[in-house]
Amino acid sequence: MRPLLVPFFISHQGCPHRCVFCDQERVAGAAGSLPTAAQLLRRIEEYRLGAPARRLEVAFYGGTFTALPRVDQERLLLPLQPLLRAGILQSVRLSTRPDAVDPDTACFLKQHGVSTVELGVQSLHAEVLELSGRGHGADEVERSVATLKEAGIAVGIQLMPGLPGDTPQRSLDSLQRALDLAPAFLRIYPTLVIDGTELARRYRDGSYQPLSLSEAVTLCKEMLAVAGQAGIPVIRFGLQPTSELDSPGVVLAGPYHPAFGQLVESELCFDRMCALLADVPAGKAVTFGAPAGRVSDLVGQRRSNLLRLATRYGVTATVREDAALPADVISLQWDGPTLRARLFESYPHH
């Protein structure tokens with residue numbers, strides 16, 4: 001059973017830069033002050049009592065953990081050590097910048113129970129990084145990934161398609177460079193225009209145009225397919241909805257949707273459903289088999305996939321769960337041969 005995450009948000013704490021897109025306080029819905037030892041232990045105990053059968057993992061999100069003064073890093077990690085030794089906590093994860101990792105830092109993290117570090121990479125294209133005010137290049141990304149892995153720490157990579165100077169091809173190129181580093185997982189957050197940021201100023205003066213929702217879904221669908229072919233999971237698409245993000249006037253533009261990830265998964269499923277229907281005569285009644293947990297992805301929001309299939313192919317389609325299917329396979333049953341397709345490939349399998 002996967003550990004239950006106990007999140008702590010330290011928005012923008014330690015970060016030496018303010019990137020053009022960044023407003024961590026609004027994105028995370030938290031003010032970002034460092035929690036005290038008492039606050040850490042109290043929240044962990046609340047989670048433990050709420051799920052006594054689950055092992056826990058503390059997660060420090062936002063900010064740049066490893067750019068904090070070492071004394072502050074110790075203040076956050078030392079209270080967790082007895083819980084790690086007792087097995088109450090399984091591990092610790094945190095996020096940081098690629099240029100805030102060196103061998104000494106990686107060794108310190110490993111010694112204090114950190115098992116996973118998420119790197120805010122955003123892009124691996126030099127011009128995109130410069131226009132976004134990141135303050136580092138792709139070389140720092142490659143070095144930090146190697147350094148963390150050498151210390152025995154799993155690495156996740158966060159990407160942000162749609163940044164200034166980005167194009168769909170540049171996003172896909174950045175993805176491939178990230179995959180070449182063999183991360184444990186990816187998070188992909190299409191760029192949003194948050195009020196009060198430098199990107200908001202550029203948007204208002206017309207020098208920056210974000211991805212539309214449909215453009216972002218199409219691009220992220222392709223990124224998901226490429227990552228799936230490489231065997232690297234994308235554990236999240238799009239920002240987690242918060243009351244702050246949902247407040248009027250906070251997100252000025254960009255592909256914000258509270259269920260963005262489901263839109264991406266559903267669009268990929270639609271492509272594969274179309275591939276399976278290519279040789280099925282119009283007017284047929286067909287049934288798609290979905291692996292466990294994927295029925296809604298095949299059906300689409302408000303049955304959108306089934307409605308589009310009826311219009312495009314003239315079929316009446318239903319979806320049923322088939323627990324015997326592998327997690328990345330869907331099937332099609334009709335009065336002809338049963339067909340199968342892998343979600344991360346573009347052709348049907350008989």
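How many aromatic pairs does the rule give here? The count comes to three in this predicted model. A pair of aromatic rings is described by the distance of the centres and the angle of the planes. For F9 and Y61, those values are 5.8 Å centre to centre and 35° between the planes, so the pair falls in the tilted class. The two rings come from distant parts of the chain: F9 belongs to strand β1 (residues 4-9) and Y61 to strand β2 (residues 56-61), with the two positions 52 residues apart. Their surroundings can be put in numbers too. F9 has a relative accessible area of 34% and so is partly exposed, whereas Y61, at 16%, counts as buried because the cut-off for burial is under 20%. Ring pairs also tie F8, F60 and F65 together into a cluster.

Rings meet charges as well. The charged end of R70 sits over the ring of F108, at 4.1 Å from its centre. A second case of this kind involves R308, which lies over the face of F270 with 3.7 Å to the ring centre.

Turning to the nonpolar interior, the largest core has 81 residues, and F60 and F288 are the members that touch the most others. Helix α11 (residues 260-277) supplies the largest share of this core, 10 residues. There is also a second, separate core of 18 residues, with C22, M160, Y189 and V250 among them.

As for F288, its contacts beyond four places in sequence include M273, L276 and L277, along with L298 and L309. F288 also touches A317, T318, V319 and R320, and its list takes in S331 and L332 too. The last of these, L332, is found in strand β12 (residues 329-333). L332 is buried, with a relative accessible area of 0%. Leaving out neighbours within four places, L332 is in contact with L276, L277 and V280, with V286, T287 and F288, and with P337, T338 and L339. Between the C-alpha atoms of L332 and L268 the separation is 16 Å, the two residues being 64 apart along the chain.

L268 turns up again around a charged residue, K221. This lysine has its place in helix α10 (residues 213-230). Is K221 buried or exposed? Its relative accessibility is 8%, so K221 counts as buried. Apart from neighbours within four places in sequence, K221 is in contact with V264, E267, L268 and D271.

Now for the strands. In a regular strand the side chains alternate between the two faces of the sheet. Strand β6 (residues 185-188) is covered on both faces: F185 and R187 on one side are buried, and so are L186 and I188 on the other. On the pairing side, β6 has parallel partners in strand β5 (residues 154-159), over four bridges, and in strand β8 (residues 234-237), over three bridges. Individual bridges can be picked out as well: G156 has F185 of β6 as its bridge partner, while L186 is bridged to V234 in β8. Between β5 and β6 the chain passes through helix α8 (residues 168-180), making a β-α-β crossover that is right-handed.

Definitions and conventions
Residues numbered from 1 in each chain as written. Predicted model: local features only at pLDDT ≥ 70, side-chain atom pairs only at ≥ 80, totals over all residues. Heavy atoms only, no water. Buried < 20%, exposed > 50% of the residue type's maximum accessible area, 1.4 Å probe, protein only. Contact = heavy atoms within 4.5 Å. Core = buried A, V, L, I, M, F, W, Y, C linked by side-chain atoms within 4.5 Å. Phe/Tyr/Trp six-rings, centres within 6.5 Å; stacked < 30°, edge-to-face > 60°. Lys NZ or Arg CZ within 6 Å of the ring centre and 35° of its normal. Pairing = 2+ DSSP bridges. Right-handed = clockwise from strand over helix to strand, strands pointing away.
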